[in-house]
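Q: Could you take me through one part of this model slowly, as I am new to reading structures? I would like a close look at the second largest pocket, and then at whatever helps to place it.

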Amino acid sequence: MVHFLAVRRKVVVATNHDRIYSHQMAETIDNTQSSNVLLVSFLEFERLGLKKDAKQAALAIVDAVSTYDDKVAWTRNNLHKLQFNRGGRIRHEIFAGIIFPVLKAEFENGDAEASYLLGKYWSNLFSIPAHYLQMGEPTSGDFFRIAFQIEPSSDRYRQAYLDALVSGLRYAFHEWPSGILIDHSNWQGEMCELREEFAQVESLDTDGKYAVEITAWIIATEQYEKHLMEHK
């Protein structure tokens, strides 16, 4: 009798476990279906420029995608469907509530793609001070550099890192020479860092896309360095 009761108890426990698991699976399926319907509505609202409706749909998506596993699945399936606005950002409610927790966790596990995506969606990260500080105030180039360091064979990561470096140099040389030399008391050290950056760009620019610009920057830098040497 004792043996029979023990077996019956195990069967009841197992049955209850199956019911709980089935219920959880049903909830997951319902949430996935709900978030998919909401995403279709959200994308249509954005396309039509209906900002208030798009915001409400975005908040509803965040509510529907509640567990971390759901956030991972949603990010992998839908991130590429989201459009950038004129400020270079996707909807911030979705980024903050779903995408950032996933990318942060995967980045901390050394995932190259997560690092790349944090660089790609850097404007969203920068627009949320708490998250930006939490990540150590990196630039988009920092994320692309890390992705490339993890997977140096990736042309996509190499190109993203290269483009970020060139973008920074273009910005600096637009204000030449004040944009380059921040600390004139340490101009020799800054010139050394600048030459190292040129060398990095040249090594990444395997197809010579930026060769003309790099050469012009090197010449301008050498001329200005000569000027500083003569007047120090």
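A: The second largest pocket holds about 300 Å³ of space; keep in mind that this is a predicted model. Let's walk around its wall. You will find Trp-122 there, then a run made up of Thr-139, Ser-140, Gly-141 and Asp-142, and also Arg-145. The rest of the lining is Tyr-161, Ala-164, Leu-165, Ser-167 and Gly-168. Two helices, H8 and H9, each supply at least two of these residues, and H9 gives the largest share, with five. By class, the lining divides into four nonpolar, five polar and two charged residues.

Now look at the loop between helix H7 (129-134) and H8, where Glu-137 sits. Its phi is near 55°, a positive value in a residue that is not glycine. Most residues other than glycine have a negative phi.

The two helices of the pocket wall also take part in the largest nonpolar core: H8 (140-150) and H9 (155-174) are among the elements that give two or more residues to this core. H9 again provides the largest share, here eight residues. The core has 50 residues, and those touching the most other members are Phe-42, Trp-74, Leu-82, Ile-94 and Ile-99. Take Ile-94 as an example: leaving aside neighbours within four places in sequence, Ile-94 is in contact with Phe-42, Ala-58, Ile-61, Val-62, Trp-74, Leu-82 and Ile-99.

Finally, the largest pocket has about 390 Å³ of space. Its lining counts three nonpolar, six polar and five charged residues.

How values were computed:
Residues numbered from 1 in each chain as written. Predicted model: local features only at pLDDT ≥ 70, side-chain atom pairs only at ≥ 80, totals over all residues. Heavy atoms only, no water. Core = buried A, V, L, I, M, F, W, Y, C linked by side-chain atoms within 4.5 Å. Buried < 20%, exposed > 50% of the residue type's maximum accessible area, 1.4 Å probe, protein only. Helix = DSSP H or I, 4+ residues; strand = E, 2+ residues; numbered from the N terminus. Contact = heavy atoms within 4.5 Å. 1 Å grid on protein atoms, 1.4 Å probe; cavity = no way out; pocket = protein on both sides within 12 Å on 5 of 7 lines; lining within 4 Å. Points joined across faces, edges and corners; volume = space filled by probe spheres on them. Nonpolar A, V, L, I, M, F, W, Y, C, P; charged D, E, K, R; others polar.
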